[in-house]
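Biologist: I'd like to learn how to read a model like this one, feature by feature. Could you walk me through it?

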Amino acid sequence: MDQTTRVDVLVVGAGFSGLGAVIKLGEEGFDDVVVLERAADVGGTWRDNHYPGAACDVPSHLYSYSFALNPGWSRAFSPQGEIYDYIRRTAERAGVREKIRFGVEVTACDYDPDRGRWTVRTTAGEYDARVLVLGVGALCEPNYPDIEGFADFAGEVFHTARWDHSVPLTDRRVAVIGTGASAIQVVPSIAATVGHMDVYQRTAPWVLPRMDRPYPRLERAAYRKIPGLQRAVRALQYASRELQVVGLTRTRSALAPIRALARAHLAIQVRDPELRARLTPRYEIGCKRILLSNDWYRALTRLNVNLVTDPIERVSPRGVVTADGVEHPADVLVVATGFHVTDSPFFERVRGADGRTLADKWSREGMEAYKGTTVAGYPNLFVLVGPATGLGHSSMIYMIESQLAYLVDALRTMRDRGLATVEVREAVQDAYNAELRADTGETVWVTGCSSWYLDAKGNAPAVWPDFTFRFRDATRRFDLGAYHRTPTTDPAALQETTR
Ligand code: N01
């Protein structure tokens, strides 16, 4: 336990971002890379979220690495299992599995300004790294609601991201708390199995139909055999998603067609005017993530499903008590209340040059980074899926790959110039974020709803407020001028960095 492993680059997490990092760094000749993964397999959120109905709401061709397209997707929107398999296969084919230490949880990352290196403590010993890459993801720490009596519930309780498949649901009374992206997939998938289901809705989401369909064998063969076809479809999917940015960030009237489509979708699927009224969103479309489902509304019209809109007052040992005093009995409580995004507990484990944690810095000063990736006061740290990189409308893998290009170019630049450390200048980071804040002020995300895009102060530090190709442009090259740097003096380290 007390041995220290010296490594050039240490990556935390083996989901889409961490895995992408080790693959892309390897292509550039950075081989002394170790990935620490707390679970027993790669896959991140796609390994953990195996609740019934889990699927991607971004089209399959777009929701994959550009360097590992998969012509074999079975349908337009891939189910969780297929994405998980894809990630595992990609790791296997890239030959990076042996670089991953599974079952190792990072407990503390401390930057040592005297040595210009990171000391990383884990449940399986200590690491000493020149560069630290955080690939811990934004949707990895389940958020359990702060509801009185929660711990006293006598039945089974689990979060959607920790689904317990051993708990029987057939003919039982199930309560689902939350009506976000996870809940709208779970509820229709189990509605026919359970005896009775109460769905607790605090805010009605905007829901659009999902243009899903299976890909016939012939179509899949075409993707495999016709050069460029899959990339062309992917480009079309990208462009059509990007069109939404106009309405989300600039011209609100551009949202009118999708608002009308969502209203029509609700009107067609829910005939009961009282239920329809309760399902009608009261905030601007796009302020929270727009959800895609063909069967959410239908599930709520089932005789054994009850939409509860009275606020939850507390959980009792036997069920959920709402503000009107009614106790709704339940055997199983499904918590579909999302994740700690802007307040991830992992940020408490990362201490910069002055000993402050990222959590402390970000909770006081706002969750800010430069280009979503580097943070003043935290040299040689690269945060993947960092501040202001989240998306509501398109593929996060596009943003991740943009960050990976920046990371690789940073390390290449350091190697070529013999630099020991790079640290973004505070003034540059501040100016970058002032601009982002001004842009975000114009977006739909700050028009009055509450969402995981927002921090405690009501700012939207989690989302990228522009076209995603602008982020791609901004991260194409590492801009060394924005950084303080120290040259490598240690000949051994120089050898390491110039290898
Ligand atoms: O979580 P959420 P999620 N009492 O935060 C409610 C991604 N994802 O797990 O709206 C009662 O969206 C909360 O109510 P309100 C995707 O990026 C992707 O569903 O805050 N209710 C809301 O209804 C997504 O955005 C896919 O009023 C409480 C729900 O819980 C992200 O994951 C699939 C409550 C939380 O919704 C998170 O989605 C699934 C309380 N105390 C997820 N606290 C894809 O398809 C919270 N709520 C790619």
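Modeller: Happy to. Let's begin with burial: a residue is called buried when its relative accessible area is under 20%, exposed when that value is over 50%, and partly exposed in between. Keep in mind that this is a predicted model.

Biologist: Is Phe16 buried or exposed, then?

Modeller: Phe16 has 7% relative accessibility, so it counts as buried.

Biologist: And which aromatic residue does Phe16 pair with?

Modeller: Tyr86. Two rings pair if their centres lie within 6.5 Å, and planes between the stacked limit of under 30 degrees and the edge-to-face limit of over 60 count as tilted. By this rule there are 20 aromatic pairs. For Phe16 and Tyr86 the centres are 6.3 Å apart and the planes make 40°, a tilted pair. Phe16 belongs to helix α1 (residues 16-27) and Tyr86 to helix α3 (residues 80-94), so the pair ties together parts that are 70 residues apart in sequence. Tyr86 has a relative accessible area of 2%, so that ring is buried.

Biologist: How are the rings of Phe478 and Tyr483 arranged?

Modeller: Their centres are 4.5 Å apart and their planes stand at 40°, so this pair is tilted. Phe478 and Tyr483 are both buried.

Biologist: Which residues form an aromatic cluster with Phe16?

Modeller: Trp46, Tyr63, Tyr65, Phe67, Trp73 and Tyr86 join Phe16 in one cluster.

Biologist: What about charges over rings? Which residue lies over the face of Tyr84?

Modeller: Arg88, at 5.1 Å from the ring centre. Look at Tyr398 too: the charged end of Arg472 sits over that ring, 3.9 Å from its centre.

Biologist: Let's move on to sheets. What should I look for?

Modeller: The general idea is that strands of a sheet pair through backbone hydrogen bonds, either parallel or antiparallel. In this model, 5 strands make an open sheet with parallel pairing, in the order β7-β16-β8-β9-β12.

Biologist: Which strands stand at the edges?

Modeller: β7 (156-159) and β12 (305-308). Each has a single partner strand, so one side of each is left without a neighbour in the sheet. Ignoring direction, neighbouring strands of the sheet are turned by 15° against each other on average.

Biologist: How many bridges join β9 to β12?

Modeller: 4 bridges, with the two strands running parallel. If you want a spot to click on, Tyr200 has Val308 in β12 as its bridge partner.

Biologist: How do I read the burial of a whole helix, say α4?

Modeller: Count its buried residues. In helix α4 (residues 183-190), 7 of the 8 residues are buried, so to speak mostly covered. The buried ones are Ala183, Ile184, Gln185, Val186, Val187, Pro188 and Ile190.

Biologist: What covers the buried residues of α4?

Modeller: The cover includes strands β8 (173-177), β9 (196-200) and β11 (291-292), along with helix α9 (296-300).

Biologist: Can a loop residue be read in this way too? Where is Asp455 found?

Modeller: Asp455 is in the loop between α12 (426-440) and α13 (468-474). With 16% relative accessibility, Asp455 counts as buried. Leaving out residues up to four places away in sequence, Asp455 touches Thr342 and Pro461.

Biologist: And salt bridges?

Modeller: Side chains of opposite charge can pair when their charged atoms come close. The structure holds 40 salt bridges. One of them joins Glu327 and Arg318, at 3.2 Å from N to O. Glu327 is partly exposed at 31% relative accessibility, while Arg318 is exposed at 58%.

Biologist: Which residue forms a salt bridge with Arg356?

Modeller: Glu365, with the closest N and O atoms 3.0 Å apart. Arg356 is partly exposed, with a relative accessible area of 23%, and Glu365 is partly exposed at 39%.

Biologist: What about Glu368 and Arg437?

Modeller: They form a salt bridge too, the closest N and O atoms being 2.3 Å apart. This pair links distant parts of the chain, 69 residues apart: Glu368 sits in the loop between α10 (358-365) and β18 (381-383), and Arg437 in helix α12. Glu368 counts as buried at 15% relative accessibility, whereas Arg437 is partly exposed at 43%.

Biologist: Which residues do shared partners join into one network?

Modeller: Glu28, Asp409, Arg412, Arg415, Asp416 and Arg477.

How values were computed
Residues numbered from 1 in each chain as written. Predicted model: local features only at pLDDT ≥ 70, side-chain atom pairs only at ≥ 80, totals over all residues. Heavy atoms only, no water. Buried < 20%, exposed > 50% of the residue type's maximum accessible area, 1.4 Å probe, protein only. Contact = heavy atoms within 4.5 Å. Phe/Tyr/Trp six-rings, centres within 6.5 Å; stacked < 30°, edge-to-face > 60°. Lys NZ or Arg CZ within 6 Å of the ring centre and 35° of its normal. Pairing = 2+ DSSP bridges. Axes fitted to C-alpha atoms, helices over the stretch in contact; angles between N-to-C directions. Salt bridge = Lys/Arg side-chain N within 4 Å of Asp/Glu carboxyl O.
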